[in-house]
Amino acid sequence: VTSNAALESFKVTVTISIGVTLVNLVFGLLVAWTLTRDTFPGKRLVDAVIDLPFALPTIVASLVMLALYGPNSPVDLHLQHTKWGVGVALLFVTLPFVVRSVQPVLLELDREVEEAAASLGANSFIILTRIILPALLPSLLSGAGLAFSRAIGEFGSVVLIGGAVPGETEVSSQWIRTLIENDDRTGAAAISIVLRLVAFVVLFILRAVGSRAAKREELAK
């Protein structure tokens, strides 16, 4: 796990996964908010599409990404063998974790509290930061932890679009495959253990912070 190749794969994996998780926190909240609070044509279709990464084999996602952003991109956006391409693939497969974590909590929020705050002169920003976000924080952190854990171990969706360029797009899961192909099962197992430990530590910390936030919210009520 201390070899240059392993460290480079850890760096690529963790860096992209953190970026993807932060983006998903914002857009996952926006998508969940839109699906919960707004009504528009095709809402059920959008709601179903959110779960698509759960239903499809991830290699299918990689094929679609390659068709959209590969050498023959119909949108003239070429992301193959780039970190951006890996990031887009990971965004697709991890967004549902944040959306589905936040959505039920949004449905259960008491709208009367928001209306009462507005009647007392609170603007939208104050309502969002003082009432809505504190209530959503535990679910946001839980969704972020799940998204990050999925991202650092993802293989299928990045295998084609990423290309496993050492030091650039080779994530740890692809390095594990390389070690197995070279009959280094001990090395592959060691990398896998590190990824599991990282995922466990991140989930544990975020769950602990989320639990404290939930307790503070309960006491505030």
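Start by selecting S149, which is buried at a relative accessible area of 18%. You are looking at a predicted model, so treat every value on this tour as computed from it. S149 belongs to helix α7, residues 124-153. Show its side chain and follow it to the backbone oxygen of G145, 2.9 Å away. Next, display what surrounds S149: leaving out residues up to four places away in sequence, it touches A199 and L203. Before moving on, add S17 to the selection. S149 and S17 are 132 residues apart along the chain, yet their C-alpha atoms are separated by 8.4 Å.

**Stop 2: a stacked pair in α10**

Now select F200 and F204. What kind of aromatic pair do these two rings form? The pair is stacked, with 6.1 Å centre to centre and 25° between the planes. Both residues lie in helix α10, residues 185-220, and because they are 4 residues apart there, about one helical turn separates them. Switch on a surface and check each ring in turn: F200 is exposed, with a relative accessible area of 54%, and F204 is exposed as well, at 55%.

**Stop 3: the other aromatic pair**

How many aromatic pairs does the structure hold? It holds 2, and the one still to visit is made by F54 and F97. Select both and turn the view until you can see one ring plane against the other. This pair is edge-to-face, with 5.2 Å between the centres and 80° between the planes. F54 sits in helix α3 (residues 52-55) and F97 in helix α5 (residues 83-108), so the pair ties together parts of the chain that are 43 residues apart in sequence. For burial, compare the two partners: F54 is partly exposed, with a relative accessible area of 43%, while F97 is buried at 17%.

**Stop 4: along α5 to Q103**

Stay in helix α5 and pick Q103. Is Q103 buried or exposed? Its relative accessible area is 12%, so it is buried. Display the residues that Q103 touches beyond four places in sequence, and you will find A32, L35, T36 and D47. Keep L35, T36 and D47 on screen, since they come back at the next stop.

**Stop 5: where α1 meets α2**

Colour α1 (residues 4-37) and α2 (residues 43-50). A pair of packed helices is described by the angle and the distance between their axes. Here the axes of α1 and α2 come within 10 Å and cross at roughly 145°, and the crossing is left-handed. To see the side chains involved, show V31, L35 and T36 on the α1 side, together with K43, V46, D47 and I50 on the α2 side. While you have α1 in view, look at R37 and W33 too: the charged end of R37 sits over the ring of W33, 4.4 Å from the ring centre.

**Stop 6: S9 and its polar contacts**

Travel along α1 to S9. S9 has a relative accessibility of 1%, so it counts as buried. Where does its side chain find polar partners? One is the backbone oxygen of A6, which lies 2.7 Å from a polar atom of the S9 side chain. Another is the side chain of S172, in a polar contact of 3.3 Å. Show the wider surroundings as well: not counting residues up to four places away in sequence, S9 touches E170, V171, S172 and W175.

**Stop 7: across to α9**

S172 takes you into helix α9, residues 172-181. Select S172, S173, Q174, W175, I176 and L179, which are buried in this helix. Then step just past the end of α9 to D183 and check its backbone: D183 takes a positive phi of about 60°.

**Last stop: L79 in a loop**

Finish with L79, in the loop between α4 (58-69) and α5. Its relative accessibility is 11%, so L79 counts as buried. Which residues surround L79 once neighbours within four places in sequence are set aside? They are Y69, W84, G85, V88 and I161. For a final distance, select the C-alpha atoms of L79 and S62: these residues are 17 apart along the chain, and the atoms are separated by 12 Å.

How values were computed
Residues are numbered from 1 along each chain as its sequence is written. This is a predicted model: local features need pLDDT of at least 70, side-chain atom pairs count only at pLDDT 80 or more; totals for chains, interfaces and linings use all residues. Side-chain values use heavy atoms; hydrogens and water are left out. Rings of Phe, Tyr and Trp (its six-membered ring) pair if their centres lie within 6.5 Å; planes under 30 degrees apart count as stacked, over 60 as edge-to-face and the rest as tilted. Helices (H or I, at least four residues) and strands (E, at least two) are DSSP runs, numbered from the N terminus. Buried means under 20% relative accessible area, exposed over 50%, partly exposed in between (1.4 Å probe, protein chains only). A charge sits over a ring if NZ of Lys or CZ of Arg is within 6 Å of the ring centre and within 35 degrees of the ring normal. A polar contact is a pair of N or O atoms within 3.5 Å; within protein, one must be able to donate a hydrogen and the other to accept it, and residues adjacent in sequence count only if both atoms are side-chain atoms. Contact means heavy atoms within 4.5 Å. Axes are lines fitted to C-alpha atoms, for helices over the stretch in contact, and angles run from 0 to 180 degrees between N-to-C directions. A crossing is left-handed if the near helix is turned anticlockwise from the far one by less than a right angle, and right-handed if clockwise.
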